[in-house]
Amino acid sequence: MQNAMLQNLAMLGGRVMLAAMLFWSGYGHLFSFNSIHGYVADWGVPDWFKPVLIAWEIGGGVCLLVGAYTRVAAISLVVFILLSFALIHLHDDDFLQLIDFMKNIALMGGFLYVFACGAGAYSLDAKLKRKWSVAPAQA
């Protein structure tokens, strides 16, 4: 019983930390839209795609925070990170982009864990008894 509670608290803590990073980043992109817009445009990202990326980042964070559609959100954020790799961070001539690239690999690992394990007991998915909210049975 206590082990399950600690596991669920750890899952909640992990989701909150991932969501906090997404909120911080999305908020920064939203309120520095013009300066970030030029920066991202320098890497060849189309103008119309920037608001989509911001909404994706913040929306994914909201889903993780409350534990709603958590597995879907986690996989969509893996795709978001892969796009980030391809469009922005995969430039071997910029060491800071390499650091962001490595940070994003760690984030992708976290999102894959959330996808594999679900949201845990302290989530909207579990409260609504969604079938994808619990971890698969142990073999």
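**Entry 1: α1 against α3**

I began with the way α1 passes α3, and in this predicted model the crossing is left-handed. I then looked up the geometry of the pair: the axes of helix α1 (residues 2-31) and helix α3 (residues 49-66) come within 8 Å and cross at roughly 155°. Angles over 145 degrees count as roughly antiparallel, and α1 and α3 are therefore roughly antiparallel to each other.

Next I listed who meets whom. On the α1 side I noted R15, V16, L18, A19, L22, F23, S25, G26, Y27, H29 and L30, and on the α3 side K50, I54, E57, I58, G60, G61, V62, L64, L65 and V66. Sorted by class, this contact of α1 with α3 holds 13 nonpolar, five polar and three charged residues.

**Entry 2: two residues of α1 and their distance to L65**

I picked F23, which has its place in helix α1, and asked myself which residues it touches once those up to four places away in sequence are set aside. The list I obtained is I58, G61, V62 and L65. F23 and L65 lie 42 residues apart in sequence, and I note 9.9 Å between their C-alpha atoms. Is F23 buried or exposed, or something in between? Buried would require under 20% relative accessible area and exposed over 50%, so at 27% relative accessibility F23 counts as partly exposed.

I then turned to G13, also found in helix α1, and looked up its C-alpha distance to L65, which comes to 9.3 Å for a pair 52 residues apart along the chain. The relative accessible area of G13 is 23%, and I therefore entered G13 as partly exposed.

**Entry 3: α1 against α5**

The other partner of α1 that I looked up is helix α5 (residues 95-117), where the two helices pack at an angle of about 135° with their axes 11 Å apart. That angle makes α1 oblique to α5. As for handedness, I recorded that α1 passes α5 in a left-handed crossing. The contact is made by M11, L18, M21 and L22 on the α1 side, together with L107, G110, F111, V114 and C117 on the α5 side. By class I entered eight nonpolar residues, one polar residue and no charged residue for the contact of α1 with α5.

Going back to the earlier list, I marked L18 and L22, which are among the α1 residues that meet α3 and are also among those that make the contact with α5.

**Entry 4: a backbone angle at Y69**

I looked up Y69 for its backbone and found a positive phi of about 50°, although this residue is not a glycine. Where does Y69 sit? I have it assigned to the loop between α3 and α4. With a relative accessible area of 42%, Y69 is partly exposed.

**Entry 5: the chain as a whole**

Last, I wrote down the overall values. The secondary structure of the protein chain comes to six helices and zero strands, so that from the N terminus on the elements run α-α-α-α-α-α. Of the 139 residues in the protein chain, I have 34% as buried. Among contacts with a separation of 6 or more, residues 24 or more positions apart account for 68%. For the surface I noted that the protein chain exposes about 8,400 Å², with carbon and sulfur atoms supplying 73% of it.

Terms used. Residues numbered from 1 in each chain as written. Predicted model: local features only at pLDDT ≥ 70, side-chain atom pairs only at ≥ 80, totals over all residues. Heavy atoms only, no water. Helix = DSSP H or I, 4+ residues; strand = E, 2+ residues; numbered from the N terminus. Buried < 20%, exposed > 50% of the residue type's maximum accessible area, 1.4 Å probe, protein only. Contact = heavy atoms within 4.5 Å. Areas by Shrake-Rupley, 256 points an atom, 1.4 Å probe, with all protein chains shown as cover. Axes fitted to C-alpha atoms, helices over the stretch in contact; angles between N-to-C directions. Parallel < 35°, antiparallel > 145°, perpendicular 65-115°, else oblique. Left-handed = near helix turned anticlockwise from the far one by under 90°. Nonpolar A, V, L, I, M, F, W, Y, C, P; charged D, E, K, R; others polar.
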